[in-house]
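Dear colleague,

I am passing on the structure we spoke about, and below it you will find my notes on what came out of it. Please read them with the model open beside you.

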Amino acid sequence: MAFETIIVDVEDHIALIRLNRPDALNALNAELLSELVEALKDAQTNEKVRCIVVTGSEKAFAAGADIKMMSEKSFVDVFTEDLFTPESHEIGRIRKPIIAAVSGYALGGGCELAMMCDFIICSDTAKFGQPEINLGVMAGLGGTQRLTRAVGKAKSMDMNLTGRFMDAEEAERAGLVSRVVPGKELMKEAMSAASKIAEKSMITVMAIKEATNRSFEMTLNEGLLFERRVFHSLFATEDQKEGMAAFSEKRQPQFRDK
Ligand code: HXC
């Protein structure tokens with residue numbers, strides 16, 4: 001499938017999706033988001049794909065929603081079309097793991113898109129921010145919600161109210177990203193993390209993603225119960241028998257997603 005605003009490569013069980021609107025620093029418009037959703041759904045149904053990596057360019061993961069596309073819209077327009085909400089729900093429904101590999105700017109909707117992924121690996125050039133306040137608006141795809149859960153109220157308020165950018169080191173300290181690497185190493189690091197995940201049983205991978213995401217929706221006790229029941233259910237899989245047998249036999253497990 002040929003896309004206009006993204007480039008997709010599937011190799012070695014990994015779907016690599018590159019945002020590709022270089023003239024606009026990968027600003028998100030309707031076309032890009034719908035192509036991204038289509039590529040993610042393709043990856044979800046493609047049995048060869050075991051992990052997904054979403055990335056941008058060296059200069060920008062994505063510099064936000066497309067300001068030129070939004071500037072003339074009215075309240076009625078954005079309310080009626082519920083700008084980008086259906087797409088963000090579709091992204092949230094992808095059950096395979098998604099890593100965001102961020103270099104350069106991840107601003108506004110770009111930062112929010114990175115946070116919709118399961119975790120973020122960034123280069124030392126990365127800059128995260130919710131600068132919508134400078135445009136007379138505010139975050140609309142999770143910048144006041146996911147960011148607050150990721151970095152806490154103090155930094156989230158600071159970023160959303162001042163519009164300042166957070167560099168890679170601060171983002172790692174604050175818990176927004178899982179790893180920071182030199183720019184040249186970014187894709188190697190992200191692909192190697194994806195390969196590691198691709199070696200595991202897909203059943204356990206998807207169970208872990210589901211259980212971790214439930215932690216944002218539930219009380220601790222409900223979440224612990226959910227986790228325990230999913231843990232119990234994994235004992236119905238052949239992969240649990242294989243994983244534990246391989247440990248005893250001091251060999252690598254051969255998972256078969258069964
Ligand atoms: C449209 C954008 C864009 C954006 C950059 N460009 N960001 N176009 N929407 N969000 C375009 C510029 O207009 C310019 O095009 C080209 O990309 C290069 O950008 P420059 O500004 O010339 O580059 P630079 O000087 O290096 O500055 C980089 C930057 C700056 C700091 C990232 O571009 C910037 O501040 N961008 C806007 C960031 C932002 O406010 N994001 C939040 C958007 S609101 P031309 O044609 O002039 O060369 C949002 C809401 C989400 O995300 C919620 C939706 C529901």
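Helix H5 (residues 109-116) is a convenient place to begin, since H5 lies across S4, S6 and strand S8 (127-129) and runs at about 95° to S6. Please keep in mind throughout that this is a predicted model.

The strands under H5 belong to an open sheet of four strands, ordered S4-S6-S8-S9, in which the pairing is mixed. Strand S4 (60-62) and strand S9 (165-167) are the edge strands, and each has a single partner strand, so one side of S4 and one side of S9 remain without a neighbour in the sheet. From one strand to the next, the twist of this sheet averages 20°. S4 and S6 run parallel and are joined by two bridges, and Ala62 is found opposite Ala106 in S6.

The ligand comes next. It is surrounded by 20 residues, of which the closest are Ala63, Gly64, Gly108, Gly109 and Gly140. At least two residues of this shell come from helix H2 (67-70), and at least two from strand S6 (105-107). Sorted by class, the shell around the ligand holds 13 nonpolar, four polar and three charged residues.

There is also an open sheet of six strands, in the order S1-S2-S3-S5-S7-S10, and here too the pairing is mixed. At its edges stand S1 and strand S10 (179-181), each with a single partner strand, so that one side of each has no neighbour in the sheet. Ignoring direction, neighbouring strands of this sheet are turned by 20° against each other on average.

If you follow this sheet inwards from S1, you will see that strand S1 (residues 6-11) pairs with strand S2 (residues 14-19) in the antiparallel sense, over six bridges. S1 and S2 make a hairpin with two residues between them, and in the turn Asp12 has a positive phi of about 50°. S2 in turn runs parallel to strand S3 (residues 51-55), to which five bridges join it. Leu16 is a useful residue to look at here, because it links the two pairings: Leu16 in S2 is the bridge partner of Asp9, and the bridge partner of Leu16 in S3 is Val53.Across this sheet lies helix H9 (residues 186-198), which covers S2, S3, strand S5 (98-102), strand S7 (119-123) and S10 and runs at about 160° to S3.

On the scale of the whole chain, the domain assignment gives domain 1 (6-198) and domain 2 (202-248), and the centres of these domains, taken over C-alpha atoms, are 27 Å apart. Seven residues of domain 1 are in contact with five residues of domain 2, and on the domain 1 side of this contact there are two nonpolar, no polar and five charged residues.

Finally, I would point you to the helix pair formed by helix H10 (residues 202-214) and helix H11 (residues 220-233), which pack at an angle of about 170° with their axes 9 Å apart. Since an angle over 145 degrees counts as roughly antiparallel, H10 is therefore roughly antiparallel to H11. H10 contributes Ala207, Ala211 and Arg214 to the contact, while H11 contributes Gly223, Phe226, Glu227 and Val230. By class, this contact of H10 with H11 has four nonpolar, one polar and two charged residues.

With best wishes

Definitions and conventions. Residues numbered from 1 in each chain as written. Predicted model: local features only at pLDDT ≥ 70, side-chain atom pairs only at ≥ 80, totals over all residues. Pairing = 2+ DSSP bridges. Domains from an automatic or database assignment. Contact = placed C-beta atoms within 7 Å. Nonpolar A, V, L, I, M, F, W, Y, C, P; charged D, E, K, R; others polar. Near = placed C-beta within 6 Å. Axes fitted to C-alpha atoms, helices over the stretch in contact; angles between N-to-C directions. Parallel < 35°, antiparallel > 145°, perpendicular 65-115°, else oblique.
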